[in-house]
Structure formats: structure tokens, C-alpha cells
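Reader: I should like to work through this model step by step. May we begin with how its chains meet?

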Amino acid sequence: MRKGKIKIDFDRCKGCLLCIRECKVKEIKEGKKANKYGYLVPEFICSGNCNACTLCAIVCPEAAIEVYEIIEAKK
Amino acid sequence: MEEKKIYSRPKSLRDVTMSYCPGCGHSTVHKLIAEVVDELGIREKMVGVAPVGCAVFAYDFWDFDVTEAPHGRTPVVATAIKRVLPENIVFSYQGDGDLASIGMAETLHTANRGENITVIFINNANYGMTGGQLAPTTLIGQQTTTSPMGRDAANYGYPIKVAELLSQLEGVKYLERVKVTDAPSTIKAKKAIKKAFLNQINKVGYSFVEVLSSCPTNWGMEPTESNKWIDEKMQEYFPIGKIKDVEK
Amino acid sequence: MSVNTEKVFIKGNQAIVEAALDANCRFYAGYPITPQNEIPEMMSKRMRDAGGVFIQAESELISINLVLGAGVAGARAMTTSSSPGISLMQEGISYMAGCEIPGVIVNVQRGGPGLGNIAPSQSDYFQATKPGHGDYRMIVLAPHNIQEMYDFSFEAFDLADKYRNPVMILADGLLGQMMENIELKRGNKPKYPDKDKKWALTGAKGRHGQKILSLLMKPGGLEAHNFDLFEKYKNMEKDELRFEAFNINEKNEYLIVAFGTVARIAKGAVKKSQRNIGLIRPVTVWPFPYEEIKKAAKNVKKVFVFEMNMGQMLNDVKIAVEDSSKIEFYGRPGGGVPTSEELYSFINKVK
């Protein structure tokens, strides 16, 4: 299975929460910290379930999410 | 262990916070257009025409040439630019008032002349910029600031299905209605937008994409609720899908 | 390529077409309206033969916005219309001024207000010289014969490009329909760049995206822009003012101020009269020759203002002349055209 992680651009996010609704593996949760515009920015839980599907980034209106695929080194 | 970036902000979208509300469809479509421009490698040929409406500041969000236009005259300004610079990729980006109200004649005649431009229509069933008044696309029964009792046909007429209206014109080659309420529909919307630009590049002709878009602020709903309203209510009246697709 | 003059006997409307093509205008959009229909009709063939763009727009709203768009792309563009059609263009012209987009607009005036009639008039003087919404100005040239219909239409493109501003030719139905012998100056080169404008939107090749706009929302932004525009307009007033002094001398008893067709008719009255009458003909009705009129009016007994309207340029003459009690006005509105005998009688009747 693919492994991935996301980075949410703290200042670009507007707290619309569409990414949370989109995430099928529940790796994003509502955040408690506000950015300079006053929006509460969601947080990436990072519990190892993210599969780099990019659906959160696709739905994000602000292009505020970067998605990374984690590639294990060959043994 | 290696981290490979597989999704990031498109280059043609400037690294600024867009002025749209949280969850607004404009932001999403701006992003999709920027992604399509990057993928097709046409940034240096692009000339966009911004409307009067929430997207009046579009020139601050895309990193390619964009001009203002008088309200509703957007596709006419685009037509002139395309006729003067036929090798450039020119598009008109408009909302409900700009395209279907004050600019209805301009929309129809540009389509009828079959100008080889791309038209992106953001349908959010109200006039956003000015505070949520009735639009030609407002649904029957929908409350707006100028239809506080809800739109009724006797006083306001019926909502206009612009894509269907244009479908009868010979000059129109491609019409599709899409939405951006979740990732799958956003992916489909991007495909339609890409096709509309490819049609221009391949000289197929007038191509029009209508996007059902949320306006959380004026609808008085959270972004997630707004997208549900599109899925359940708007889509009922404005069917999603291809209305016309004529290959050259 | 040297300029070779071609002598032709043509209509005013056609002279405009020839001038535009000679000035390297390769974009025309227009909607039919009497008395200028020959222009779109001729352009539909001549512009396309010249490899340019001709669009019969579906309205004057569309016409002016096509010209605006062509200007955005860096092209020389023109539209023509008559009075009610020019009303429809006010929004577009204001945008062109605010965005600093060049273009040429020709008004072949007819009787008004409203639908009016199709006879010649000068009743759009206010509309031309105190134009649409917002604080802006534009150079307005008022031809009085067919040679000027050609010359001014040619120069209008240079003026538009020089100042990045719309320029208007204020003609009338008589000039549009009249035929005279004139000289076309084939091969005359434009004085100002008609291509490769750095500000034009031609695609962001090797650079970031550019924008063209007139909306300035940041506090103080629009105010500053207006002051900048007015610096430009001050230069127009300084460098582009034009007028004709006909029989102006220290012994003038009377002064006539008239523009366009009426100036030509008034020249006939001057020639007929026993008195020493001078005539100042504003050639640019904006900028307006206030100082010259003030000077010429100083020692005369009467200042006659003749127009084909109910008194519009009259207001500007009143501003210019120190003692406005010596001004006498005679106007023919609604398509009326005076004769030189008529003006001559009026002058004689006045005590």
C-alpha cells in the first residue's frame, strides 16, 4: 500500500474543512490554531494511514495542500 | 526513505491568498485553470478576460496576462483579443450577472459567431460580489436579498439554463456542465476545462464550461453544506454532463 | 516609402475609411446607423482586403467593447456610429480612458434627443467634450470639410497611441454624406508606435503576467490615478490644441465662433458682409481655445455663436469671453441646417 503525508500551507488555508470531508482514511482533523486571517487550520494527524490519494489536495479550493509519497528505501 | 512531492500549487497560480470566501468555487476553478495551463504549457500564450463580480481581481491570482472588462462585455473583449492575436489562447471567465444577465446579448452573439475562445461560466445562483441578489440562475423558491420571499416565476421568471440555451447555435462546438463539490467531480471538471482549452488550441471552436459552484457566504451555509446543496438541489435543475460535443 | 498623394472625389464617410486604412488601422467594428452606414459597408470589403478584422457588431455596446479588446491586444482599432449609438458607447469609452487603452471613435451626428431624425446636427457637443462617467478627457477633432474628415481621422490614431487614450472625431450627417475633391496621402507613416506596445496583453512571454484595469480599490489608489491621468490631459491641452483664425485682425467689429459644418457656412456670411468680421473655428473642441477666443473677443462689439443645437459650445464661449453680455446665439436644432444668408441676416438684425 502507498504511504503518504500532506503539508497544509498555514497561511493559505481558509478553514473550509472540505479536506476533512474528503479524506477516506480520517487523517485530517479540525485544528485549534488560527492563522493570520483568523481561519482555524486543519491538522494532519499523521498516524500512518495516509495513502497519498491526493483527494484532499484536489478538493482544496486554495491549493493549500501539498502531498508527498513516502517511498521506502530498497533493502 | 524518500519523500516525493506528487501534488502542489500550480505555477500559474500566484503564491497569494485569493480574495474568495472559504469554500468558494471560484478558488477551486482558478486552481484548475492554472493546473491546465501548466500541463498544456500555454502560460506564455494565455490572455484572460476577468468579469465584474467576485472574480474582478482574477488578474492578481493567475500569473499570465489578464484584463478587466466592462460588466457583461467580457466575451466581446476576448473575441477582439483573439481576432487580433489568433495564436494566443484567450478565455472569458464570468459569473451569473456578467454572463447571463447584463451580458446575455454578448454571450449569445459571441457563441453564435462561433468565436474560437473558451468561456468558463461560474454558476452560483446569485450575485455574489454585490451581496447575494437574485441572478438569472437563482432557483424557484430560493431566497436572495432581492427575492426575500423566495423566487417566484410570476414576478421573476424562471432560472435560465445557459448551456442548454446555447446548444442550438451552430457556432457552438462544446458545452459541458460540471461541479466542484468533491474530489471526483473536481477531477471531471478539470477534464472539461482542459478539453475546452484544447478545443481552442486545435481550432475546433467555441467551447463553454458551466461550473455549479458554491457561494457559502450568500447562501448562508458552511462550505460542506453548500456543496451538499449543489449535489441535492442545484443539480436537480441544472443537470451535470455534456450538452454538446462536436469534433472538428 | 514616399508619400504619394492621390486626388479623389469622395464622400465624407468614405474619407474616414481611407484614412483609417492609411493609418494602419486593421480592426473595425460597427453597427449600422444612419447617416454613417457607408462606413461599415465599405469596411466590410476594404478592411478584409487589407487583411484586417471587420466585425459587424450586433450592437454599439458590442462595437465599442470590440475596439476596447483590440486596443488591449495592442491593435489600432476604430468604431463609428451616430448620436444614439454613441450614447451606448459611453461606458466603453470611459473604461478605455480609465484603463488607458487607445482607440478611435467617430460620431457622425444626427438630430436628437432620443431617436431624433437622420439629418445633420451638432447636438452631441456636450456628450463629446464633457464625456461619460468619471473624470476623464479625450481629444475631440471637429472636421469642417472632407479633406479634414480624411486628415483628422488619420491623425486620430497617432493621437490615440501617443496618449494611450480614446480620440473622437465629431462629424455630422452633412459631412458624412457630402462629396468633395480631396487628396489622400498614401504612404504617410504613422508618427507613433502602432505595434509592439509593451503594456499590451500579448501573452506573458519570458515575463510575469501583466494586467489592464481601471478598478483601484486601495485607499488613495484611484485618486492618485486620476491625478496621473490629468497630468496627461494637461499635456494634451498644451500640445494638441488646434483652431482656425479666419479673418482675425485688430479691426474686427464682430467675432463669430463656430465649429464643423456651421463654421464653413459662417465663413460664407463673413465673406458676404460689409463689416469686418473675424471667425474663430475650434478645430479641437477639446482642448478648447479659451484664450484665443478671449483675446479675439476683447475689442469686438458682439460675439456671435452659431451651432446646430440649442447652445452647447455657447457655454464654453461664455467661459472664454470676459463680457458675456456681448454674446448673441443662433442655433438650429433637430436636424436644421442654416444657410449663410440666414446667418448674415441674423448678424445684421442684431443692434
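Author: Two residues are in contact if their C-beta atoms, placed from the backbone, lie within 7 Å. The model discussed here is predicted.

Reader: How many residues does chain B, and how many does chain A, bring to their contact?
Author: The count rests on the 7 Å limit between C-beta atoms. By that limit, the contact takes 27 residues from chain A and 25 residues from chain B.

Reader: Which element gives the most to the side of chain B that touches chain A?
Author: The elements of chain B that give two or more residues to this side are strand E1 (2–7), H1, H7 and helix H9 (223–237). The residues of this side divide into 11 nonpolar, 7 polar and 7 charged. With 6 residues, the element that gives the most is E1(B).

Reader: How many bridges join strand E4 of chain A to E1(B)?
Author: Strand E4 of chain A covers residues 65–71, and E4 and E1(B) run antiparallel. Ile71(A) stands opposite Glu2(B) in E1(B). The number of bridges that join the two strands is 5.

Reader: Which pair of chains has the most contacts?
Author: No contact joins chain A and chain C, and their closest C-alpha atoms lie 18 Å apart. Among the 2 pairs of chains that touch, the most contacts are between chains B and C.

Reader: Are H1(B) and H7(B) parallel or oblique to each other?
Author: Two packed helices are described by the angle between their axes and the distance between the axes. The axes of H1(B), residues 25–40, and H7(B), residues 183–201, come within 10 Å and cross at roughly 50 degrees. Angles under 35 degrees count as roughly parallel, and those of 65 to 115 as roughly perpendicular. The crossing lies in neither range, so H1(B) and H7(B) are oblique.

Reader: Is Thr54(A) buried or exposed?
Author: Thr54(A) is found in the loop between strand E3 (43–44) and helix H2 (55–59) of chain A, and has a positive phi of about 70 degrees although it is not a glycine. A residue counts as buried if 20 or more other C-beta atoms lie within 10 Å of its own. Thr54(A) has 20 such atoms and is therefore buried.

Reader: Is Asp196(C) buried or exposed?
Author: Asp196(C), in the loop between strand E8 (179–186) and strand E9 (211–212) of chain C, has a positive phi of about 50 degrees. A residue with 12 or fewer C-beta neighbours within 10 Å counts as exposed. Asp196(C) has 8 and therefore counts as exposed.

Technical notes
Residues are numbered from 1 along each chain as its sequence is written. Chains are lettered from A and ligands numbered from 1 in the order in which they are written. This is a predicted model: local features need pLDDT of at least 70, side-chain atom pairs count only at pLDDT 80 or more; totals for chains, interfaces and linings use all residues. Axes are lines fitted to C-alpha atoms, for helices over the stretch in contact, and angles run from 0 to 180 degrees between N-to-C directions. Helices (H or I, at least four residues) and strands (E, at least two) are DSSP runs, numbered from the N terminus. Angles under 35 degrees count as roughly parallel, over 145 as roughly antiparallel, 65 to 115 as roughly perpendicular and the rest as oblique. Ala, Val, Leu, Ile, Met, Phe, Trp, Tyr, Cys and Pro count as nonpolar, Asp, Glu, Lys and Arg as charged, and the others, Gly among them, as polar. Two strands pair if DSSP finds at least two bridges between them.
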